[in-house]
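The following report describes one protein model, moving from individual contacts to the aromatic pairs and the surface. The sequence and structure come first.

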Amino acid sequence: MFGLGGLSRVQRLILGIIVLLIVDVIWVASSELTEYIFHKYQKPFFTTFVKTGMMSVYLLGFIIWKPWRLQCKHVQKYGINGEQGEVEEHLGEPIYVPVKYDKNSGTDSDDSSGRRSIRFNNLSEVRQLSEVHAEDAVISRLSYSASLKAEEDRLNALSKLSVKQVAKLGFIFSVIWFFANFAYQEALLDTEAAIVNVLSSTSGLFTLVCAAVYPSSSSDRFSLSKLVAVMFSIGGVVVVSISDLNFEDEIPVGALWALCGAILYALYLVSLRRKVDHEDKLDIPMFFGFVGLFCSLIMWPGFLILHYSKSEEFVWPTKSQWFFITVNGLVGTVFSEFLWLWGCFLTSSLIGTLALGLTIPLTMIADSVMKEVKYTWRFYLGAVPIFASFFAISFLTHYENWDPVLVAFKKLLHCICKKRLKPRLRELDREQTESLIIGGGSNGS
């Protein structure tokens, strides 16, 4: 995507971290704006439905973006293994174009005087070589290194998902994505944004579990070091949750919604990464466009259910509320979700979910400045391990075959076993020495 195929693994990781940090800033502003909207318009299902439906604007790319239109007209010429799927003629349909020629040249003919003259036809037949064979002809004329690069680009293009496949993915993940965002909106309605972001960071643990069950790539592979880093982050979440008891007399309902959203986010991301292992295989804007379209087509009965059950009565928002909902949807959902998924492809599923935890320091600053919320020292103490675990996981993703916690555990186990065996070995040596002395004495006598 964006011609970044030549980036090294380290460069992709750094770029992905930068993208995720930008997403964190957007999400903090979006969560604060969402809370502001909920002060006067407490309709989480409506806001989620509208913001999700806005993602269908990406489908305008079929009008303004020529490569998408060509995908619709494209006839697949290769199978899954790169073999030619359809038998077609080498040459296209003939095209007749007028030609200019010299009057003194042409085809041979005899005139009345017996002299031979040449005459050309006014039209020439032009037949174009098919795209497949024309591409092969071009590659055959390139240098060795250039031909390898061209062949790699062609294989990447062949592995890219078609419009039908992207639409199928959008349909499968639309419901999971909608309810993950709806749970997040419900959590913001019931408790502070900082608390919601902290509890949402537990998606890292659920992502690690899902990746261990069915890993999508080597960067998502389970390791003991990653588990310790995630549990270190969860420890910070526990400290923050304890500090939350100072705000409310009992466990807030928003915490349960936030945990539900974290589980759904982890399931959505790991499953998608398992289906698509590289961002070049998927048009991310097209994918989100279909997600927004299918969410709008599938989830609209929810208005009737919530309205008649009195859970969320339908009320049309005012002009100012429409303005804030639209801005929040375009920036906080349409643009940020695209960046977040792209950053996850550049890094890993676990880093993408742990990036949610980086919103905590920024949210605390925003709450302290804008709403003058006072947090206890436990809240700030709990934010430290969450922040540190993100960079620890990033480091472990780069060195994917290195598991320092496992190495340390093996060394510790070796030292313990060695200390326990050393007295036994000394006793065996002493017994063996005594037996040799007794045996030698008996032989001498």
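Leaving aside its neighbours within four places in sequence, which residues is S225 in contact with? The model is a predicted one, and in it S225 is in contact with L396, D403, P404, V405 and L406 once those neighbours are set aside. S225 is placed in helix α10, which covers residues 224–244, and because its relative accessibility is 5%, where buried means under 20%, this serine counts as buried.

**The chain as a whole**

The secondary structure of the protein chain comes to 18 helices and four strands. Of its 445 residues, 42% count as buried, and the accessible surface of the chain comes to about 25,500 Å², with 64% of that area belonging to carbon and sulfur atoms. Among the contacts in the chain that have a separation of 6 or more, 83% are accounted for by residues 24 or more positions apart.

**Helix α12 and a buried threonine**

Helix α12 has 16 residues, and the distance from its first C-alpha to its last is 22 Å, which is close to the 22 Å expected at 1.5 Å a residue. Because twelve of these 16 residues are buried, α12 is largely enclosed by the rest of the structure. The buried residues of α12 include I284, P285, M286, F287 and F288 towards the start of the list, as well as G292, C295 and M299.

Two of the residues just named, G292 and C295, are touched by T52, which also touches W177 and F178 when residues up to four places away in sequence are not counted. T52 itself is found in helix α2, residues 44–53, and is buried, with a relative accessible area of 1%.

**A nonpolar patch on the surface**

L297 also lies in helix α12, but it counts as exposed, at 53% relative accessibility. It belongs to a nonpolar patch on the surface, formed by F171, I172, V175, F179, L293, L297 and I298, which together have about 570 Å² of accessible area. The elements that give two or more residues to this patch are α7, residues 163–190, and α12, residues 284–299. Of the contributing elements, α7 gives the most, with four residues.

**Aromatic pairs**

A search of the whole structure finds 29 aromatic pairs. One of them is formed by F182 and W257, an edge-to-face pair with 5.7 Å from centre to centre and 80° between the planes. Since F182 lies in helix α7 and W257 in helix α11, residues 253–275, this pair ties together parts that are 75 residues apart in sequence. The two partners differ in exposure: F182 counts as buried at 9% relative accessibility, whereas W257 is partly exposed, with a relative accessible area of 28%.

A second pair joins Y265 and Y268, whose ring centres are 6.5 Å apart and whose planes stand at 70°, so that this pair, too, is edge-to-face. Y265 and Y268 are three residues apart in helix α11 and are therefore separated by about one helical turn. Y265 counts as buried at 10% relative accessibility, and Y268 is buried with a relative accessible area of 1%.

The geometry of the two pairs is set out below.

| Pair | Centre to centre | Angle between planes |
|---|---|---|
| F182 and W257 | 5.7 Å | 80° |
| Y265 and Y268 | 6.5 Å | 70° |

Ring pairs also link a cluster made up of Y41, F45, F46, F49, F178, F179, F182, W257, F303, F314, W316 and W322. Among its members are F182 and W257, the partners of the edge-to-face pair at 5.7 Å. Another member, F179, is one of the residues of the nonpolar surface patch, and F178, likewise in the cluster, is among the residues that T52 touches.

**A salt bridge**

Side chains of opposite charge can pair when their charged atoms come close. How many salt bridges does the count come to? The count comes to one salt bridge, in which the side chains of E313 and K310 meet at 3.8 Å, N to O. E313 counts as partly exposed, at 37% relative accessibility, while K310 is exposed, with a relative accessible area of 62%.

Note on methods: Residues are numbered from 1 along each chain as its sequence is written. Side-chain values use heavy atoms; hydrogens and water are left out. Patches are made of residues with over 30% relative accessible area and no salt bridge: like charges are joined within 9 Å, nonpolar side chains (Val, Leu, Ile, Met, Phe, Trp, Tyr) within 5 Å. Accessible areas come from the Shrake-Rupley method with a 1.4 Å probe; for residues, only the protein chains shown count as cover. A salt bridge is a side-chain nitrogen of Lys or Arg within 4 Å of a carboxyl oxygen of Asp or Glu. Buried means under 20% relative accessible area, exposed over 50%, partly exposed in between (1.4 Å probe, protein chains only). The expected span of a helix is 1.5 Å times one less than its number of residues. Contact means heavy atoms within 4.5 Å. Rings of Phe, Tyr and Trp (its six-membered ring) pair if their centres lie within 6.5 Å; planes under 30 degrees apart count as stacked, over 60 as edge-to-face and the rest as tilted.
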